[in-house]
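Reader: I've got a protein model open on my screen and I'd like to talk it through. Can we take it one question at a time?

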Amino acid sequence: MILLQLSSGKGPAECGRAVFLAFTQMQKEAQSQGIAINLLQQINYNESRSIKSILMDVKSSNPKEVEAFVNRWKGVMLWNSQSPFRRKHKRKNWFFSAQVYEIDQQELNDQIEFKTCRSSGAGGQHVNKTDSAVQATHISSGISVRVESERSQHANKRLAIALIYQKLDEQQQKNAFEQHKTQWQQHMELQRGNPDRVFKGEKFVAVT
């Protein structure tokens, strides 16, 4: 399983607009290449068309195409544009990033305890009559998630595995940050100053 996460980090809503534009561009590219993008989780800003974080599952019958696709988007990126929310704002550089997660689904599956239950949310008669919701707990860390957004148990289980993997990765990064705080701060500052890709304007044109 290959996951790709776009994030605006702690940036303002303008960074979220960059994430929105990047995701829109990614969908177009994926469709033209026969790559499937399955949206797993999305967190929005209050502002329209502004995304704080988005997690997706990237699939294709050709693994090399998926690898090339996610690697093309991986890293720190810069969107150079006038703010769409604060027209008189002088700042024009908005940073966001993309991170790739490669999951050994079977290995992680063996480390997780699954329990099925009925969905508690709205979803019509189909959801209410089947035990499609999944409660997943990572045994060693105690990290637990409940997923009921999909109609099938299989889809909810797949999403639960992805979310637990993401939380484990975030936990590891947090621990590393606390252990090497100064080095991590310097690293992040360098990243912001040296984007891997640059895009300009509302049309999100790549700068070569």
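Reader: What share of the residues in the protein chain is buried?
Author: Keep in mind that this is a predicted model. A residue counts as buried when its relative accessible area is under 20%. Of the 208 residues in the protein chain, the buried ones make up 38%.

Reader: And how many helices and strands does the protein chain have?
Author: The strands number ten. Alongside them, the helix count is six.

Reader: What percentage of the contacts with a separation of 6 or more comes from residues 24 or more positions apart?
Author: Start with the contacts in the protein chain that have a separation of 6 or more. Among these, residues 24 or more positions apart account for 60%.

Reader: Which element gives the most to the largest nonpolar core?
Author: In general, nonpolar side chains tend to be buried together in soluble globular proteins. Here the largest nonpolar core has 29 residues, and L4, L6, W73 and F96 have the most contacts inside it. Elements giving two or more residues to this core include β1 (2–7), α2 (63–73) and β5 (93–102). The top contributor, with nine residues, is α1.

Reader: How many residues are in the second, separate core?
Author: That core includes V134, V147, L163 and L168. Its full count is 20 residues.

Reader: What does α1 span from its first C-alpha to its last?
Author: α1 has 21 residues. At 1.5 Å a residue, 30 Å is expected. The model comes close to that, with a reach of 30 Å.

Reader: Which residue follows α1, with a positive phi?
Author: Look just past the end of α1 for a phi near 75°. The residue there is G34.

Reader: Is E14 buried or exposed?
Author: E14 has its place in helix α1. Leaving aside neighbours within four places in sequence, E14 is in contact with W79, S83, P84, F85, R86 and W94. The relative accessible area of E14 is 1%, and the cut-off is 20%, so E14 is buried.

Reader: Which residue puts its charged end over the ring of W73?
Author: Not counting residues up to four places away in sequence, W73 touches L4, A22, Q25, M26, E29, A98, R197, F199 and F204. One of these has its charged end 4.6 Å from the centre of the W73 ring, and that residue is R197.

Reader: Which residues do ring pairs link into a cluster?
Author: The structure holds four aromatic pairs. One of them joins F96 and F204, tilted, with 6.4 Å centre to centre and 40° between the planes. F96 is in strand β5 and F204 is in the loop between β9 (197–200) and β10 (205–207), so to speak 108 residues apart. The cluster linked by ring pairs is W73, F96, F199 and F204.

Reader: What is the angle between the planes of Y101 and Y165?
Author: These rings form an aromatic pair at 5.7 Å centre to centre. Y101 belongs to strand β5 and Y165 to helix α5 (residues 153–179), 64 residues apart. The pair is edge-to-face, and the angle is 85°.

Reader: Is Y165 buried or partly exposed?
Author: Its partner Y101 is buried, with a relative accessible area of 3%. Y165 has 24% relative accessibility, and buried needs under 20%, so Y165 counts as partly exposed.

Reader: Which residue lies over the face of F114?
Author: The distance to the F114 ring centre is 4.6 Å. The residue over that face is K157.

Notes: Residues numbered from 1 in each chain as written. Predicted model: local features only at pLDDT ≥ 70, side-chain atom pairs only at ≥ 80, totals over all residues. Heavy atoms only, no water. Helix = DSSP H or I, 4+ residues; strand = E, 2+ residues; numbered from the N terminus. Buried < 20%, exposed > 50% of the residue type's maximum accessible area, 1.4 Å probe, protein only. Contact = heavy atoms within 4.5 Å. Core = buried A, V, L, I, M, F, W, Y, C linked by side-chain atoms within 4.5 Å. Expected span 1.5 Å × (residues − 1). Phe/Tyr/Trp six-rings, centres within 6.5 Å; stacked < 30°, edge-to-face > 60°. Lys NZ or Arg CZ within 6 Å of the ring centre and 35° of its normal.
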